[in-house]
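Here is a friendly walk through one protein model, taken a piece at a time. Have the sequence and the 3D view open as you read.

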Amino acid sequence: MSRWPLPEPMQIALDQARKGESAGEVPIGAVIVKDGAVIATSHNAPRTLQDPTAHAEVLAIRHAAALLGNERLDGCELWVTLEPCAMCAGAIAHARIARLYYAAPDPKGGAVEHGARVFEHEQSLHRPEVYSGMGEEEASGLLKTFFARLRSS
């Protein structure tokens with residue numbers, strides 16, 4: 001556990017990750033906040049929905065856009081338990097998310113500070129402020145436990 005209390009949105013994202021794990025999904029959760037209020041939550045659901053694009057970030061962005069009636073999520077924050085992949089980073093840029101907070105880095109599949117580094121490209125339509133590490137221990141622990149169980153079964 002963290003030495004410091006986690007911000008509420010990251011706690012909610014971790015709860016969403018646990019919900020996803022209970023459903024047999026990779027435990028990743030996401031939360032979108034606007035003006036200090038949580039407006040959308042989601043967890044990974046590609047297996048459940050039989051949709052390879054049903055990552056926690058994409059589902060949360062879809063929910064928030066529908067709620068706000070706008071594809072642009074100006075002024076919104078996205079809190080997620082794992083560094084977004086290239087697909088999710090692209091969706092974040094298209095949605096114009098103002099700030100991205102992610103817990104655990106993903107050296108293998110991440111595309112924010114690893115791999116493709118989507119927001120660093122000249123072609124990136126938008127570059128959110130990026131903050132990482134809050135809840136890293138908890139998020140990493142969920143993922144390690146999940147994959148250890150898969151390997152042992």
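What follows covers helices, charged pairs, cysteines and a few unusual backbone angles.

First, some ground rules: this is a predicted model, where local features need pLDDT of at least 70, side-chain atom pairs count only at pLDDT 80 or more, and totals for chains, interfaces and linings use all residues. Residues are numbered from 1 along each chain as its sequence is written, and side-chain values use heavy atoms, with hydrogens and water left out.

## The helices

Helices here are DSSP runs of H or I with at least four residues, strands are runs of E with at least two, and both are numbered from the N terminus. Let's start with α1, residues 8-22. Its 15 residues should span 21 Å at 1.5 Å a residue, and the end C-alpha atoms are indeed 21 Å apart. (The expected span is 1.5 Å times one less than the number of residues.) Now look at which residues of α1 are buried, meaning under 20% relative accessible area, with exposed being over 50% and partly exposed in between (1.4 Å probe, protein chains only). The buried set is Pro9, Met10, Ile12, Ala13, Leu14, Gln16, Ala17, Gly20 and Glu21. These pack against β1 (29-34), β2 (37-43), β3, β4 and α5 (136-152), where contact means heavy atoms within 4.5 Å. Just past α1 sits Gly24, with a positive phi of about 85°.

The 17 residues of α5 pass the length check too: 24 Å expected at 1.5 Å a residue, and 24 Å between the end C-alpha atoms. Its buried residues, among them Leu142, Leu143 and Phe146, pack against α1, α2, β3 and β4.

In α4, the buried residues are Cys88, Ala89, Gly90, Ile92, Ala93 and Ala95, and they pack against α3, β3 and β4. Met87 is in α4 as well, but it counts as partly exposed at 32% relative accessible area. Leaving aside neighbours within four places in sequence, Met87 touches Pro52, Thr53, His55 and Val58.

## Two positive phi angles

Most residues other than glycine have a negative phi. Gln50 goes the other way, with phi near 50°; you'll find it in the loop between α2 (46-49) and α3 (56-68). Arg96 has a positive phi as well, near 60°, and belongs to the loop between α4 and β4 (99-104). Are these two residues buried or exposed? Gln50 is exposed at 72% relative accessibility, whereas Arg96 is buried at 19%.

## Salt bridges

How many salt bridges does a search of the whole structure find? It turns up 5, a salt bridge being a side-chain nitrogen of Lys or Arg within 4 Å of a carboxyl oxygen of Asp or Glu. The table lists some of them.

| Pair | N to O distance |
|---|---|
| Asp15 and Arg18 | 2.9 Å |
| Glu77 and Arg99 | 3.3 Å |
| Glu120 and Arg117 | 3.7 Å |

Asp15 and Arg18 both sit in α1, 3 residues apart, or about one turn of the helix. Asp15 is partly exposed at 43%, and so is Arg18 at 34%. The pair Glu77 and Arg99 makes a salt bridge. Glu77 is in strand β3 and Arg99 in strand β4, so this pair ties together parts 22 residues apart in sequence. Glu77 is buried at 16% relative accessibility, while Arg99 is partly exposed at 22%.

## A buried Glu without a bridge

Glu83 lies in the loop between β3 (76-82) and α4 (86-95). It is buried yet has no salt bridge, and the nearest side chain of opposite charge, Arg117, is 7.4 Å away. (Lys and Arg count as positive, Asp and Glu as negative; His and the chain ends are not counted.) What does join the side chains of Glu83 and His114? They share a polar contact of 2.7 Å, that is, a pair of N or O atoms within 3.5 Å, where within protein one must be able to donate a hydrogen and the other to accept it, and residues adjacent in sequence count only if both atoms are side-chain atoms. A polar atom of the Glu83 side chain also lies 3.0 Å from the backbone nitrogen of Val112.

## The cysteines

The whole structure has 0 disulfides, counted as cysteine sulfur pairs within 2.5 Å. For Cys76, the nearest cysteine sulfur is that of Cys88, 16 Å away. The sulfur of Cys88 is 3.7 Å from that of Cys85, too far for a bond. Cys76 is buried at 0% relative accessibility, and Cys88 is buried at 0% too.

Technical notes. Lys, Arg positive; Asp, Glu negative; His and termini not counted.
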